[in-house]
Protein chains: 2
Amino acid sequence: MSTKTRILETSLAMFNQLGSGNITSLDIAAELEISPGNLYYHFKGKEEIIARLSKECELAIGKLLGRLDMELISEREYWVFLKSLLTVCLHYRFLFMDFQSFEAGGVGQKGSQRLLNQLRRFTDGSLTALMDKGLLEIKGNAKSELSENLFLLGLSWLCFEANQAQVQDEQELVEKGAHRLISLVEPHLSRRLQLADND
Amino acid sequence: MSTKTRILETSLAMFNQLGSGNITSLDIAAELEISPGNLYYHFKGKEEIIARLSKECELAIGKLLGRLDMELISEREYWVFLKSLLTVCLHYRFLFMDFQSFEAGGVGQKGSQRLLNQLRRFTDGSLTALMDKGLLEIKGNAKSELSENLFLLGLSWLCFEANQAQVQDEQELVEKGAHRLISLVEPHLSRRLQLADND
């Protein structure tokens, strides 16, 4: 593995564990047992590492969303898709914790407003798709409220539930998050969704 | 106003704005234009101020919950009560942001697990009250899921929506939060709740 990749992976793990605000580039170099100069050769400080990780996350989500043809997707595919999306968010979760931080100009908020917009587009788009298939009956205002509730509940799952979880079994956390989100939509469905076999 | 009260009020405002992690006791003394020694005379550092504010919040919520006779409450009283509860949480919101912070041993988490338990008891208790009145039809698992969703959505409203809001009109934020929570319960109700007149 290249030093550059090692820096990114180690930084991500440290940021996810302690928050980007509590980690310096010196901490990262120390953890990797490389000199600060070596780290600096690859990234001009922590901000550049965060920007790179943020870009990675945005690309990963963009790729998922790009593959999603909402009009054609089956319910099972939707379920798999939702879990993939949550897995990506969990992988880069420090970015979302940063959004919840106090400083409006905080690192995670620079330009990464795009990330939040991607997620909002997804929650809104999936409700529209369910409506187009006649699965969901909900009126204008209630739809945008449900969409925003899904977005906020997803954030809370990520930043609170997943963060406080004693058992850090990623797959289990993702299942829990996906069920949580579906449970918000369920009462508005004309019938139960046909999700994965083991469900 | 006594110096002690001024210290508490100023600290609360600063913590809510920037997070307790980004404020030192020296910052607080400087903001109040008092000497660090004077501050120290009243509180042995920031931790003691936070502990005091946390206690205040817990007492305020406990008082509200103590007044609540779930079996007798009318729907309108419930609505007023919900807004009072959200107002208290908003007033002390840095405590809840602390819960979402990375450090499991962070200041806001010491002993203040009690705060979260109070809120969980409230969401659960109000669903039980609605069921007892025949207003809510929901089964065992779905009830505890709804209760946890309400709790998480409330946290997200407080830590994300209220924190990012451009307009800091407290009353407006509280109305929005209360509507958000009610919208989660609504699909499970046997009829629309009779809330405040102006609703």
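Colleague: How many residues does each chain bring to the contact between chain A and chain B?

Modeller: In this predicted model, chain A contributes 23 residues to the contact and chain B contributes 22 residues. On the side of chain A that touches chain B, helix H8 (140-164) and helix H9 each supply at least two residues, and H8(A) gives the most, with 10 residues.

Colleague: How do the residues of the side of chain A that touches chain B divide into nonpolar, polar and charged?

Modeller: That side of chain A is made up of 11 nonpolar, 8 polar and 4 charged residues.

Colleague: Which rotation and which shift along its axis superpose chain A on chain B?

Modeller: The general idea is that two copies of a chain are related by a rotation about an axis and a shift along it. Here a rotation of 180°, with 0.0 Å of shift along its axis, brings chain A onto chain B with an RMSD of 0.0 Å, which is the relation of a two-fold axis. The same surface serves both copies, since 96% of the contact residues of chain A recur in chain B.

Colleague: Turning to the packing of helices, how should I read H8 and H9 of chain B, and at what angle do their axes cross?

Modeller: Two packed helices are described by the angle between their axes and the distance between the axes. For helix H8 (residues 140-164) and helix H9 (residues 170-185) of chain B, the axes come within 10 Å and cross at roughly 155°. Angles over 145 degrees count as roughly antiparallel, and H8(B) and H9(B) are therefore roughly antiparallel to each other. Their crossing is right-handed. The contact is formed on the H8(B) side by Leu146(B), Asn149(B), Leu150(B), Leu153(B), Gly154(B), Trp157(B) and Ala162(B), and on the H9(B) side by Leu173(B), Gly177(B), Arg180(B), Leu181(B) and Leu184(B). By class, the residues of this contact comprise 8 nonpolar, 3 polar and 1 charged.

Colleague: In chain A, how are H5(A) and H9(A) oriented to each other?

Modeller: The axes of helix H5 (residues 75-91) and helix H9 (residues 170-185) of chain A come within 9 Å and cross at roughly 120°, and the two helices are therefore oblique to each other. The crossing of H5(A) and H9(A) is right-handed. From H5(A) the contact draws on Trp79(A), Leu82(A), Lys83(A), Leu86(A), Thr87(A) and Leu90(A), while from H9(A) it draws on Glu170(A), Leu173(A), Val174(A), Gly177(A), Ala178(A) and Leu181(A). These residues divide into 8 nonpolar, 2 polar and 2 charged.

Colleague: Where in chain A does UniProt place the "DNA-binding region", and which residues does the annotation "domain: HTH tetR-type" cover?

Modeller: Both come from an unreviewed UniProt entry, which sets the "DNA-binding region" at residues 24-43 of chain A and the "domain: HTH tetR-type" at residues 1-61 of chain A. In the model, residues 24-43 are 75% helix and 0% strand, with end C-alpha atoms 13 Å apart. For residues 1-61 the end C-alpha atoms lie 24 Å apart, and that span is 77% helix and 0% strand.

Colleague: How do H1(A) and H2(A) cross, and within what distance do their axes come?

Modeller: The axes of helix H1 (residues 3-18) and helix H2 (residues 25-32) of chain A come within 10 Å and cross at roughly 115°, and H1(A) and H2(A) are therefore roughly perpendicular to each other. H1(A) passes H2(A) in a right-handed crossing. Arg6(A), Ile7(A), Thr10(A), Ser11(A) and Met14(A) of H1(A) meet Asp27(A), Ile28(A), Glu31(A) and Leu32(A) of H2(A) in this contact, whose residues divide into 4 nonpolar, 2 polar and 3 charged.

Terms used. Residues are numbered from 1 along each chain as its sequence is written. Chains are lettered from A and ligands numbered from 1 in the order in which they are written. This is a predicted model: local features need pLDDT of at least 70, side-chain atom pairs count only at pLDDT 80 or more; totals for chains, interfaces and linings use all residues. Copies are superposed by least squares on the C-alpha atoms of residues with pLDDT of at least 70 in both. Two residues are in contact if their C-beta atoms, placed from the backbone, lie within 7 Å. Axes are lines fitted to C-alpha atoms, for helices over the stretch in contact, and angles run from 0 to 180 degrees between N-to-C directions. Helices (H or I, at least four residues) and strands (E, at least two) are DSSP runs, numbered from the N terminus. Angles under 35 degrees count as roughly parallel, over 145 as roughly antiparallel, 65 to 115 as roughly perpendicular and the rest as oblique. A crossing is left-handed if the near helix is turned anticlockwise from the far one by less than a right angle, and right-handed if clockwise. Ala, Val, Leu, Ile, Met, Phe, Trp, Tyr, Cys and Pro count as nonpolar, Asp, Glu, Lys and Arg as charged, and the others, Gly among them, as polar. UniProt positions are given in the numbering used here, feature names are shortened, and annotations may be inferred rather than shown by experiment.
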